[in-house]
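Hello,

Here is the structure I promised to pass on to you. Please have a look at it first, and then read on for what turned up.

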Amino acid sequence: MTTKGRILVVDDEYLIRWSLQQNLVEHGYEVLLAASAEEGLVLMDREEPNLVLLDIQLPGMSGMDLLLSIKETRPGCAVVMITATSDLSVAVQAMKDGAFDYLPKPFNLDEVRLTVDKALENKRLKDEVVRLKEKESSQYVFHNIIHESRAMAEVVEVARKIAASDATTVLLTGESGTGKDLIAQAIHYESARQAMPFMPVNCTALPRELLESELMGHEKGAFTDAKSLKKGQFELTDGGTLFLDEIGDMDLALQAKILRFMESRTFKRVGGTRDITVDVRIIAATNRDLEEKIRERTFREDLFYRLNVIPITIPPLRDRSADVAPLAEYFLAEFNRDLGK
């Protein structure tokens, strides 16, 4: 029979251990019992529970010490502290040390079940996020960029060096369909920023006013529909990578604000007065000839030079014929897998 989860109860009072076990087993949980932190450590190693109900005051090793040990060796395990003390500062410290919540004695068994359910649901969601991030990061890596041509090998080699560096500005140029987005994602997911957000923004998808709000956010009341404060992509991507696709089509007025941000790494929300500082790697991409657009006065020369610190030009497939066969084989295998052929 499957259970809703495996719970370890660590408490030196027999009646508390027994009552928690009876109640939680009745509601579909598997429950393990330990009368001390030392016994709890043995069960942690042997049984690997999903959640620990842990008394703060234990003989010998304290509950706080066991909490720190659990979070060091099994950070994904949820911990709910049990406290009989009226000094809530201890419970607050436990939360800072990684506990999901705390339950004061004497506790209501319905409240215990509710807290356990919430803690395990929170753990499940966190595990799912980690799984999806691992799947995403393994998908968008240089190893998965199909190529055999020397031209594409050189592109990948330069991009690898960028990913390993502290470079905060990259410019990708090339025709539509050459894979600029794949290179941008590989740079992010093979860099030290991989655990932080990768945020793609298409500069042609929104009119200037909406694009500015999308990037920089806005204060409540900044314009008619601004009914609440909104954080923009600069703020939400702090620590990660912002991919500005088709930057060659960006409005000139907004280009000036992007330039200011790249020079100072600060910006103001629309309608705001306070400078906000973030650490964001900018990867810009375009299928336009930016130097030609500078001559046409539709792209700022100073922004171009600020972007063009590390340029990568991705050649079209017609100029790298050695990649045609491996790409065809790759897509054939993909379609066969999708269609069950």
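How much area does the protein chain expose, and what share of it do carbon and sulfur atoms supply? The exposed area is about 18,200 Å², and carbon and sulfur atoms supply 52% of it. Please keep in mind as you read that this is a predicted model.

Let me begin with the overall picture. The protein chain has 341 residues, of which 43% count as buried. Its radius of gyration is 27 Å, whereas a compact globule of 341 residues would have one near 20 Å. Taken along the principal axes, the box filled by the C-alpha atoms is roughly 80 × 55 × 35 Å. The chain holds 13 helices and 14 strands. If you take the contacts between residues at least 6 apart in sequence, 69% of them join residues at least 24 apart.

Now to the sheets. One of them is an open sheet of five strands, in the order 2-1-3-4-5, with parallel pairing. Its edges are strand 2 (30-34) and strand 5 (101-104), each of which pairs on one side only. From one strand to the next, the twist averages 20 degrees. To find your way into this sheet, you could start at strand 1 (residues 6-10), which pairs with strand 2 in the parallel sense over five bridges. Leu8 is a handy landmark there: its bridge partner in strand 2 is Leu32.

Another open sheet of five strands has the order 7-10-13-6-14, and its pairing is parallel. Why is one side of strand 7 (198-202) and of strand 14 (311-313) left without a neighbour in the sheet? Both stand at the edges and each has a single partner strand, so one side of each has no neighbour there. On average, and ignoring direction, neighbouring strands of this sheet are turned by 20 degrees against each other. Inside the order, strand 6 (residues 169-173) runs parallel to strand 13 (residues 281-286), and five bridges join the two. Thr173 is a good place to look, as it stands opposite Thr286 in strand 13. Helix 6 (residues 150-164) packs on this sheet and touches strand 6, strand 13 and strand 14. The direction of helix 6 makes about 155 degrees with that of strand 14.

Finally, the aromatic rings. A pair of such rings is described by the distance of the centres and the angle of the planes. How many aromatic pairs does a search of the whole structure find? The search finds eight. One of them joins Phe261 and Phe267, with 6.2 Å centre to centre and 65 degrees between the planes, an edge-to-face arrangement. Phe261 and Phe267 are both buried. Why is the pair of Tyr330 and Phe331 edge-to-face? The ring centres of Tyr330 and Phe331 are 5.3 Å apart and the planes stand at 70 degrees, and planes over 60 degrees apart count as edge-to-face. Tyr330 is partly exposed, with a relative accessible area of 36%, and Phe331 also counts as partly exposed, at 43% relative accessibility. There is an aromatic cluster to visit as well, formed by Tyr189, Phe198 and Phe243.

Enjoy exploring the model!

Best wishes

Notes
Residues numbered from 1 in each chain as written. Predicted model: local features only at pLDDT ≥ 70, side-chain atom pairs only at ≥ 80, totals over all residues. Heavy atoms only, no water. Pairing = 2+ DSSP bridges. Helix = DSSP H or I, 4+ residues; strand = E, 2+ residues; numbered from the N terminus. Axes fitted to C-alpha atoms, helices over the stretch in contact; angles between N-to-C directions. Phe/Tyr/Trp six-rings, centres within 6.5 Å; stacked < 30°, edge-to-face > 60°. Buried < 20%, exposed > 50% of the residue type's maximum accessible area, 1.4 Å probe, protein only. Rg over C-alpha atoms; globule rule 2.2 N^0.38 Å. Contact = heavy atoms within 4.5 Å. Areas by Shrake-Rupley, 256 points an atom, 1.4 Å probe, with all protein chains shown as cover.
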